[in-house]
Amino acid sequence: MNEVMFDQDEMEIDLGDLIKVLISRWKSIILCAVIAALIGGAVPVIKHQLGSAAVDTSQQEEALKRDYELITVQYQYDMKLYENMEKTFAEYSAAVDMLTEELKKLDGIPKEDEDARMACLIKISSLQNVVDNADTMIEYYKKLEKPADPGSFEAYVADNTKLSSGFSKKYALIGFVLGGFLACLGWAMLYLFDGTVKTASELTRYFGVNALGSPDKQGLVAANVKNFMTEDIKKILVTGSAEDAAIKNIADAVAATVADVEIVAAGGLNYNADTAIMLSDVDAVILVEKLKKSKQNNITDELMMIKNAGKKLIGAAI
């Protein structure tokens, strides 16, 4: 008797099959990613709307007024610095001219006249300090730009309360990646936990069952049945969770290929009492299942019934 081994607790995940499923669902994955990108790009607008709705109008106006006052004070301070720029340039130019004159004067004072030379040196030192300070400020002014006028309070309120219409590319990219990932995760979870048989190879990997071929290729299935049969088999039951028409087609193809063996067909081994009774009167069983429709739990029940009845399982067409 063919010993069927199966243990659902030790089922492995076929990453190749999973990747194929994800690739076959690429349109829905891209669609989810695009929708998430559009939602993500609109985050600034949504955030602004929610924030505006949550703040009382009077409170919002008070907050804008405080901000405007701070901006105005800063603008006035920056303008004073900017207006002092020409004055500083003039002072620097005048100090340089005076310093040049005093250096020339120092050259004309006799060395014996120590008092005059000392007074000139003191003046030169003072002018040098003025030049150095002005020179430092000039370096600062080179980077100083004229501050922008904040305008009237009414204009400031209008600019800071209108909705943002800009589409955020950053949030759109984040939404696209996250949406695609969640779509892939959703399909992967559905693939892993819907409990159906996805490929014929699962029967061999999970249950140790011979894969006879697709029910659409009855001739190939019948040929494989003949190859797997033994001489002691005189009667075969063709059953499974596939449609009755598919089961009958396989039974007819096997009957036409295998001589001197009685072939009976019946559906629903694990939920049809008549089929279960027929199991006791046969030597072997052929299962006919349907990909992505037949449940692993149902196949497990069928295999358990076949094993408990002491019958040989030739294989499964799926």
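Strand β4 is mostly covered, with 5 of its 5 residues buried, where buried means under 20% relative accessible area, exposed means over 50% and partly exposed lies in between, for a 1.4 Å probe and protein chains only. The cover extends to both faces of β4, since Ala 284, Ile 286 and Val 288 on one side and Val 285 and Leu 287 on the other are all buried. In a regular strand the side chains alternate between the two faces of the sheet.

This is a predicted model, in which local features need pLDDT of at least 70 and side-chain atom pairs count only at pLDDT 80 or more, while totals for chains, interfaces and linings use all residues. Residues are numbered from 1 along each chain as its sequence is written, and side-chain values use heavy atoms, with hydrogens and water left out.

The protein holds 12 helices and 5 strands; these are DSSP runs numbered from the N terminus, helices being H or I of at least four residues and strands E of at least two. Buried residues make up 33% of the 318 residues. Among contacts between residues at least 6 apart in sequence, 83% join residues at least 24 apart, a contact being heavy atoms within 4.5 Å.

**The sheet**

The 5 strands form an open sheet with parallel pairing, in the order β1-β5-β4-β2-β3, and two strands pair if DSSP finds at least two bridges between them. The edge strands are β1 (211-213) and β3 (262-265), each of which pairs on one side only. From one strand to the next the twist averages 25 degrees.

Strand β4 (residues 284-288) pairs with strand β5 (residues 312-317) in the parallel sense over 5 bridges, and the parallel pairing of β2 and β4 runs over 4 bridges. Individual bridge partners are listed below.

| Residue | Partner | Strand of partner |
|---|---|---|
| Ala 284 | Lys 312 | β5 |
| Leu 237 | Val 285 | β4 |

In addition, Val 288 stands opposite Ala 317 in β5. Helix α10 (residues 244-257) packs on the sheet, where it touches β2 (235-239), β3, β4 and β5, and its direction makes about 175 degrees with that of β3. Axes are lines fitted to C-alpha atoms, for helices over the stretch in contact, and angles run from 0 to 180 degrees between N-to-C directions.

**Helix pairs**

Two packed helices are described by the angle between their axes and the distance between the axes. Helix α9 (residues 218-228) and α10 pack at an angle of about 55 degrees with their axes 8 Å apart, which makes α9 oblique to α10; angles under 35 degrees count as roughly parallel, over 145 as roughly antiparallel, 65 to 115 as roughly perpendicular and the rest as oblique. The crossing of α9 and α10 is right-handed, the near helix being turned clockwise from the far one by less than a right angle, whereas anticlockwise would be left-handed. Gln 218, Val 221, Ala 222, Val 225 and Lys 226 of α9 make this contact with Asn 249, Ile 250, Ala 253, Val 254 and Thr 257 of α10.

The axes of helix α1 (residues 15-24) and helix α7 (residues 169-193) come within 10 Å and cross at roughly 130 degrees, so α1 is oblique to α7. This crossing of α1 past α7 is right-handed. On α1 the contact is made by Asp 17, Leu 18, Val 21 and Leu 22, and on α7 by Cys 184, Trp 187, Ala 188 and Tyr 191.
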